[in-house]
Every structure is written in C-alpha cells, then in structure tokens.
Amino acid sequence: MTISAGAPFALETRDLSRFFDLGDHQVRALEGVNLRVQCGERVAIVGPSGGGKSTLLALLGGLDAPSAGQVFVGGADLYAMTERQRVQLRRGQLGYIFQGYDLLPALTVLENVEYPLLVAGLEPHQRTRRATALLNEVGLGGKEDFLPDELSGGQQQRVGIARCLVTEPSVVLADEPTGNLDTTTTDAILELLRVATAERGMTLVMVTHDPAIAALADRIVRIQDGRLETKA
Amino acid sequence: MIALFCYAARGVIRQPLQTLLYVLGLTLAVGLFADTLFFVDLSQRDMTKNALAPVQVDMVARATTPDLAPNALEQTLKGQTLVKSAEPVAVADFASLSKVGAGVSSAAGRVFALPQSYYQTFNFLPIVAGKFDPSGAMIGDATATQLGIKVGDTLELKFAAGITQPYRVRVSGLVGMGVSEPLFFNPDPAGGEGYGVVADVVFLPPATFERDLAPRLSKLPVTTSSVGQTGSNVVLLPVERQVHLKLDQSGLNADPAKSLKQLDALRRSLEQPFPGQVRVQNNLALRLGNAKKDILAAKMLFLFLAIPGVLLAAYLSKYAVELSSDSRRVELSLLRVRGAGMKDVLLITAFTALLIAVLGSVLGLIFGAATLLLTLGAGILTTANLELIAPSVGWAVLGGFALTALAFLLPVWAQLRAEIAGARRTVTRVQTLPLWRRMNADGLMLIAAGVVLYVTDANGGFKPTGTEGTAVTLSFYLFLAPFLFWIGATLLLIRLLDLLLTRGAKPVARVLKTLFGEFGVVAARGMTRRSNGVGSAVTLTALSLSFGVALSLFLGTYATQRAGDIAYIVGSDVRVTPPASANLTPAFADQLLTLPNVKGATSMARDPVALIGSEKKSVYGIDVPSFLKTAYLPNAMFENGSAAATLGALAKTPNGVILARDQADKYDINVGDTVLMRLYNPKTAQYVQVKTLAVGIYTYLSTSSQDADFALNRDFMTRATGTSGANLFLVKTSDPAGVTVSIQTQFGANLTLKLENVLTATKVDSSSLTSLNLNGLGGLERIYTALIVASSLGVFLISMLQSRRKEFGTMRALGTDDRQLRQLLAAEALSISSVSLAAGVGIGAGIAALFVMLLRVIFLIPPAGLTWPVTDLSLLLGLSLLGMGLGVLLANQALSKLRVSEVLREA
C-alpha cells in the first residue's frame, strides 16, 4: 500500500469524530473535523491539553478507530482498509515520533532504529546499513551499541527521529516531539526534524501546545474541545 | 481506622487483576496445605487401623496367683468398656503326647482349655478336620501328621513328675496351627521378646479340663523361670488362668498417642479389681507403640513431599508483589500527596494483607475441597472424614495468614519503608551480588547435602531397621539431604540462569533466531536485558515442576517397591497353603495350572526343622523350571545379579543348594563348598544326612514366610526324605482375585486352603509405612503442580504485559502485526518453559533419587533405581504444558485487545 502519486492531499479527514463512552456520559474528543494536508506540507496542530490534538494524530496514523467520518492517506480511505493493509501502510508510509521517545528499552540504539525495517522484513545487512547512516545523520554515530537508558533525553529523541525516518515515510506524525526537552535541545531537535523532512519531501504533522514551535510550521491548525478553530 | 480499612477494601476491589495475582498463589498454598494435612490425618487413621488389624487377641489378662476363682476374672472383664468378647482360657504343660497303641511320642507340649465360642471369636485356630466335641480333644494338625494321629484315635498325655497317671482322651478334631502365634504370644514384661510357639498342642473343652486335669495339676508346686532376653523371673503356675479379650477397636482414637492413653487406662481398669492377682498383657498397645513411630515418620514424609509445593505456591504471591512494585510506588506517591503518614500507609497495607489472607484462605479451602473431591471422589464425604478435616482447616487457615504475612505484608512493608525513608533515592547504582552468591551458598548447600548423605549412609542410616513388628527409624538426616539439595540446586539454577542471560546473550539470540526467526532475536534481547524477571519466572516454574516430578518419581518408585515387597511376601501372585494333614503332592500344581488365567504354578516342600550343625533351619525343596516361571524373582535378590543363572546352577546340580546370605555368613559357606545337612523324614520321625553343594547365594527368596534359609532341588529332597508331599503352592496370574476365587470354588469344598494374594496380603510383620496409600497424594500433586506451573507462567506473562504495555504499543505503532507479536510472546514463553522443563525434571529427578533412598529403610527389597511412571509424568508434563499454553493464549488475547492510542498516552 503506497500513497498514490496523483493524490490531491497527503492526508485528509472528512467529518471525523471520536467519542468515548465513560459509563453514564459520553466524551466528544473530536467532532466533525475536516482537515486537508498537502504533500510536503508542515502542519502544526496546536491547542490546550485535552483539546483532541493527540486523538486526531492517532486517527491520522491509523492507531485508533473513528466514531464517525473518514481519514484518507494519499487518497486511500484508512479505516476502510483491513487491519493487515493498515499495518502495511504504517510500515511504509507513516512515521511516528513520540513525546516520550518510546524506544524499546531492551534493544540497543542501532536495533531500535533497525526495528521498523525488521518488521517490514528487510535483510539484516540492509537494515544495518540504513540505520547506521541515519544514526550518523542525527549525530549519534558511535552510539549504536548503547541502550536507551544510557542516553540523554535529546539523544533518545534523535534515535526516535532516526527510527521514524529509516523507512522513508511519506508522512511523519510527531506528537509533542520536544515536550520533554529543554530549550536548547528543543531547537536542535526541531531543526533536525525540519531539515530531514524537507530534504526528503516528507509531509510533517506535528502536535504541540507551544506556539513558538508551531511557528516553524507552514500552517498552524488550532483545535479546541474537539473542533478545529481555523479553516483547514 | 475504619476509613483506612475502607480504603484498603476499595483498593482490593478496584484492582481485581492485581488482587487476583496476590490471591492466586495463596489460594493454591492454602488448598495444598489443607489437603496435605488432611492426607496426613487420613493416613494416620489408616495406619493406626492397619497396625491394629493383624492383632488377633487384643489383650490377655493373666492370673498371677493360683487362688483366683476360674470364672471371677472372666465375669468381671466382660462388663468393661470397649470389651467386645472375653474368652476364658486355662493353660497347662504336658511332658509328652502319644497315640495309644503307637510307639512314637512327642516332646513336651501344652494343653489349652478353650470354650467352643473361642474358635468363633478368634479365627486363628481353624478346625481342619473333625469337630469340637465336649467329650473329646482336638490336636494341632502338624502334631497329628508327625505322630500319625487321626480323628477318632485316642491320645495319651503324660505330665510332670507328681502326676503319675497318664491322661487318655479321644481325638474329635484337628486344628490348623499355621497362624496360631497369637495363642502363645507372651512378651517378657521387661521388654524382651518372650516365649516362643509350642509345637505340640492339645485343646480340651473347659469342662473336661476342669473335671479331669485341673484338680490334679493344681496340686503341683508353683515355680519361677527366667525368660526372655532380659532373663527376668516369671512365676509359672501349674494351671494358668487367662482371659483373652477382643475389644471394640472402632472406639479407639485415630491418633495412636491418644489411643495408647485410652488402652493404658483400660488396662489399669481391668487390673484394678484384682490387686496383685492379675497382669494384663496389652497386645494392642504394643502394636500401637510401633505404629506411633511409623506415623511420625509418615507425617515427616508427607510434609517433606508436599511442603515445597506449598512454599512455591505462596512464593507466587510474593512474585506478584515483586512484579507490582512500580504500581505500588505510584499509589504510595498519591497517598503521600494526600497527606498520609508512614503509620497510615503501613496500616492500609496491613488491612490489605488481612483481606487478601481471608480471601486466599476461603478460596484455598474451597479449592482444596474441590481437588480432594476430584481426586478421591465423593466417597471421602463421610462423617469420620469430615471430623478429620476440621483441624486441617484450622491449621491451613493459620498457615494462610502466616504465608500472607511472609509473601505479601513483609515485602510490601519493606518496600514502603524504603520508599518513605527515601532510601531509594540514596541507593547507589552499583549492583552488588546477593549475599548467597557472594558466600557461594549454592555450592555449600550441595556439598552439605552430599556430606549428610555420606555420613548418614556410613552410619547405617539407609539400612532397613524394620525387623518383625518393629517401627522403622527414619532419621531426620534422611530428610535433610534432599532439603539441602533442593535449596542448593535452586540457588545454582538462579546462578546459572543469570550467567546464561547476561553472558550467554549471543548464543541465546542465535538459538532463538533459528527457532523463531528475527523475532527470536528481539525476544532474546528482551529476556537477556530483563534477566531478573525472566530468572524468577524460570526458577519458579522449574521448581514447581521439580516438585511435581520428584513426587511423581517417588510415588512411582514407592508403588513399585510396595508391589515388589508384597509379591515377595506372597511368593508370587497367589499362594496356596494346604493344611499339614492334606498330604498334597506336586501334582496339585498341575491341577492349579488348568484354572483360567493361571500362567504358572509351582509346588514347594518345606522342612522347618532341618538341622545344619545343631541348629534348626528352614529348607525348601523347589522345582526349578516351574519355580522360575512362577515365583517373584527379581535379579536384585541374587548375589550374582541373575535369578536365572543362580537357579539354573541349582537345576544342573542334583545335590545343589542355594542359601541365604545370612546363613552363608553364619556358617562361612561359599559357592562351591560342601554343605552337610540333616533333613527330617516325617514318616520315620528320623533325620537323614545329605551332602549338598553350594551353587548360589541369595539375599531373598520368594517362598512362604520369608524364612528360606536353604533351597534344594525338590526331587533331591524327595529322594532323601522319602516323602513326596508338597507344603505350599505358588500361582502366577494376571487376575489374582479371580484366581483366588476359582481355587476356593474348585478345591475349597474338600480342603481347608489358606489363600493369600498380592491384593489382600498385608504385611503384618513389617512397618505400616509400607502400606501407605499415596495415590491420592499423587493425584493432588499433579493438579497442584500443573496449576502452580501455569500460574507462575501466567503471572509472569500478565505482569510482563502490564509492565510492557507501552513497549508493545510502540511496536504496534511501528508496524508490528499480531503474528509478529505472537511470535515474540511464544519465543519468550517457550524459552522459559523449555529451560524450566529441563531444569525441573533434572532437579526433580535429583530430589526423587535422594527421597527414594528412604525406601531402602522402609522396604525389604532395596530399590534398584527410580521408577519412571511414564503415564504419570506425561500427564503431569502435559497438564503443565497445557497450563503454559493457556497462559500464552490469554496473554495473546490481552495483547490483541491492546488500545495503542491509549497506551501511548500513558506516562
């Protein structure tokens, strides 16, 4: 499953809603969201905590199921696909960067970066070559055999970025990628992310509550109480 | 206080999975403990019953002065509590016995005056020919055969000096004396073995005795005699008045100690009305004294066999506590934020522990009852059994509370105290090895086990101690070696696992990659970097399996030994003993062979009074070809390790003799030596000297009463003594019960045959430890092992899923599909299972080998090795694997329900 070259948008949502049943009442995390993201565009989704940013990102990445509406990735209806097709899409076309880095603690830095390629079924030598190159690119050459908890927060997020980029996804979804980092490190990470995605022509959708970080995006989308506040 | 209790109760209810994990181990521990205690009580009752069963005459009241009126004693004793029957007996010795008109007379013997009811009350004196006649006498069948006396002949009895007139009486019947020992049993009051059996016996009706003999015999003087090993002086009355008592044994307590007190009180109450005139011989108490020691040994055996399982089950709870330490830390932080002090936190934990203990104990008791019903059937629900269960329940609940304190309360308190005191923050990152590893406690324990084993063996601790009727002495040290081995092997396993997981990461990864592909490597990395958790899971699972395997092997070997011992005692599957007067020939064996399901039959001649030097010995005449086909002859019974070779040598040497090791030592006889013996010819009442050649030595030979000192070819014996009589027959069959009935039906009408088979034979002359019914324990052990194994893996997998939710969520987000996650889980579970399985079987076999050494003390024939009960072990391992599979399946299910978006948001 690849994103069609002729697809008008890298990502598109149509009347996307997500409700959660909490016993006797229902929480409307997202309601009627319509969003279009062009190929190669950098979009920042901002808004207060609990506004629905992460829910939207999870739905865009195929990690959740909408209560209503549709999500199109490269023109393909994400939730009309089988689970197997969605997994294939996640492996090849979507990349994730998490706020808490979420590296696999038992694997070394190199193995963590190799992991998406391993699940995709690449041969070991191909995996190692690509992962090593990316680690060098993010400035972690020589740290291949370190375990995640032997690295600083910034270094861990660099590994997270390398892991995301290693499959060369069309769309990178980043959930508060600098949320746990200090200002200096944040700048470095954002620059790395900007350059890496721009060089590769990747679409970047980034969730943040920091307006300064959002300013680096081509477009800012504000979300509050589950609804988009600006025209998407 | 109430608020804190309510908070604890809400915590227990709010976190059902965590509560379940805490309670699971405790439930299994309480259930197994309660069941084990119930088994101990059940066995105690059965052993007491078994120990008392062979006692024919429960008590004998003896008049010690001649002035006691004959009937006074009987009448007084009849009315006493627990006394079911009281039979008066008068005893006097005669100098010789002969048949009127014949020249042969017997040696000195004894006359008993027994009422007709005696023969019904006690069934050890069967009337094998003729009948009880108030005007006649009966004599022992062996005496009748020896002196050629038949029913209708007249006897002449001569008495000691002072009574010149012989006494003549007509013979009205013959009494089988094969099992008449209870009549003569009279232990030395000072503790010696007492008098032996008298060969020539005459039975008179009491009225005849009182009329014709008592007045004359009473005039003889009272003498004293030195008896028994202690040489104590006993007053010998010319006419001894006795009352033989049969008690209502169902009125005795199941606990031998309490029962002994009951019997002692009864003895005193029986003697009390006759101060200085009556001594009561307490035969039941003598048996119970031995049973008491055996029961203590059985209790130790049961507890040592089952307690590891109880501890392992309890450790499951501790394991769950360890695995949930992170969530507890979070909860503690919340409590501290809300202003809870150290005392409040500790109290909440104590209340939680109390609730867990109550819940675990109640569930454990329900589960224990269910497993008992499942393994033993609804038949155990008798009033007597329910009475037995009550104390077990109490102890099990107490044990449940103690185990909760050890497995839950203390570890949690320790963690909380450390957290509150801030110890965690000051702890250095340098990991130190645990104390036991620094001290090499594993090696030391194993060495200590070896030393204990060696010292116990060198001091004769493994030699059989159970001579006839005595208790087995099971030294505490016999249990100490397996205990030390178990601890040592456990610690060694932990050390080896740690080494394997930390230093053997690459080989482990290679192996798992071969088995599971690339995800095997991920699993290997995961396991090697979580060596503590994996090590605990493997250790717990392996030890649980070792518990089950050890118990299974021990029970299998015990069953083999028990069957072997019984087969040795019977001689084969069925033993047929005709009365001495039957004069059966070896041809009777051919008749037995014609019965359905009989695979072999052999006859044996027995000379119990053959002379070697000046000593009387039991010499058997066997027909080697049919004996080889029929008798129970394990090679271990023969010194050259081959039954066929030893008996083949006997068959090839017409005048050959094979002999018991103790006789070979006693007379310094080696294979190839000439052995002179004198065989008794009952027809001529003369001894015949024969020259035999020793061709083999045995430790045991399956014959009749475990008394085969020497064995000759039957034809040689027949030629030498001129008699072709056969004294007993052995039958080999796959249906001992059916063949016993067939023999009785076919031949019982004309012959009073004594029939014994491997199903009914009780080992009256040995320890009751050999007749323990361990099948129920075996059934329970299988269920509990499977559950503990499944639970330990289940707890590990569930806890692993809980603690690695985010990791699995990340994997899913990165494109890992269900199949790959299943592969990962299977690789981890299979690695843990297979290492646990191998270690469990290894440690289990080691412990079993040590426990089986106990059987060398208990059983006559030492075990040649472990019996591997294939069905039992397959069932055990199958159940365990099923449990593991179920654990993996549940974990898979939990994994497939993982909500990635929610998990990734967790802090």
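Two strands are taken as paired when DSSP finds at least two bridges between them. In the predicted model described here, strand 3 (residues 96-99) of chain B meets this condition with strand 7 (residues 154-158) of chain B, to which it is joined by four bridges in an antiparallel arrangement. One of the residues involved is Lys99(B), whose bridge partner in strand 7 of chain B is Leu155(B). The side chains of strand 3 of chain B alternate along its length. Leu97(B) and Lys99(B) are directed to one face and are buried, whereas Ser96(B) and Ser98(B) are directed to the other face and are not buried. Lys99(B) is thus assigned both a buried position and a bridge to Leu155(B).

At the level of the whole chain, chain B contains 30 helices and 22 strands. Its C-alpha atoms fill a box of roughly 115 × 65 × 50 Å along the principal axes. Of the 907 residues in chain B, 47% are buried. Among contacts in chain B with a separation of 6 or more, 82% link residues that are 24 or more positions apart. Chain B is divided into four parts: domain 1 (1-65 + 304-430), domain 2 (83-247), domain 3 (505-567 + 766-907) and domain 4 (574-757). Between domain 1 and domain 2 of chain B, nine residues of the former are in contact with 12 residues of the latter. On the domain 1 side, these residues comprise five nonpolar, two polar and two charged.

In soluble globular proteins, nonpolar side chains tend to be buried together. The largest nonpolar core in the model has 331 residues. The residues with the most contacts inside this core are Val205(A), Ala29(B), Ile139(B), Val202(B), Leu316(B) and Phe554(B). For Phe554(B), the contacts beyond four places in sequence are with Leu305(B), Ala848(B), Phe851(B) and Val852(B).

Helix 18 (residues 518-528) of chain B includes Thr528(B). This helix is mostly covered, with nine of its 11 residues buried. The buried set consists of Phe519(B), Gly520(B), Val521(B), Val522(B), Ala523(B), Ala524(B), Arg525(B), Gly526(B) and Met527(B). Thr528(B) is classed as partly exposed because 19 other C-beta atoms lie within 10 Å, whereas the buried class requires 20 or more. When residues up to four places away in sequence are not counted, Thr528(B) touches Leu501(B), Thr502(B), Ala505(B) and Val508(B). The C-alpha atoms of Thr528(B) and Lys506(B) are 9.4 Å apart, and the two residues are separated by 22 residues in sequence.

The interface between the chains brings 21 residues of chain A into contact with 18 residues of chain B. Helix 1 (53-60), helix 2 (83-92) and helix 3 (109-120) of chain A each supply at least two residues to the chain A side. Helix 3 of chain A gives the most, with six residues. By class, the chain A side divides into 14 nonpolar, one polar and six charged residues.

Arg86(A) is located in helix 2 of chain A. Arg86(A) counts as buried because it has 22 C-beta neighbours inside 10 Å. Its contacts, leaving aside neighbours within four places in sequence, are Gly62(A), Leu78(A) and Met81(A). Of these, Gly62(A) lies 24 residues from Arg86(A) along the chain, with a C-alpha separation of 6.8 Å.

Chain A also contains an open sheet of six strands with mixed pairing, in the order 6-7-8-3-9-10. Its edges are formed by strand 6 (94-97) and strand 10 (227-228) of chain A, each of which pairs on one side only. Helix 5 (residues 153-165) of chain A lies across strand 6 and strand 7 (171-175) of chain A, at about 175° to strand 6. At the other edge, strand 9 (residues 219-224) and strand 10 of chain A run antiparallel and are joined by two bridges. Ile223(A) has Leu228(A) in strand 10 of chain A as its bridge partner.

Two aspartate residues in loops of chain A have positive phi values. Asp225(A), in the loop between strand 9 and strand 10 of chain A, has phi near 50°. With 14 other C-beta atoms within 10 Å, Asp225(A) is partly exposed. Asp102(A), in the loop between strand 6 and helix 3 of chain A, has a positive phi of about 50°. Asp102(A) is buried, since 24 other C-beta atoms lie within 10 Å.

Terms used: Residues are numbered from 1 along each chain as its sequence is written. Chains are lettered from A and ligands numbered from 1 in the order in which they are written. This is a predicted model: local features need pLDDT of at least 70, side-chain atom pairs count only at pLDDT 80 or more; totals for chains, interfaces and linings use all residues. Two residues are in contact if their C-beta atoms, placed from the backbone, lie within 7 Å. Axes are lines fitted to C-alpha atoms, for helices over the stretch in contact, and angles run from 0 to 180 degrees between N-to-C directions. Ala, Val, Leu, Ile, Met, Phe, Trp, Tyr, Cys and Pro count as nonpolar, Asp, Glu, Lys and Arg as charged, and the others, Gly among them, as polar. Domain bounds come from an automatic or database domain assignment. A residue is buried if 20 or more other C-beta atoms lie within 10 Å of its own, exposed if 12 or fewer, and partly exposed in between; C-beta atoms are placed from the backbone. A nonpolar core is a set of buried Ala, Val, Leu, Ile, Met, Phe, Trp, Tyr and Cys residues joined through C-beta atoms within 7 Å.
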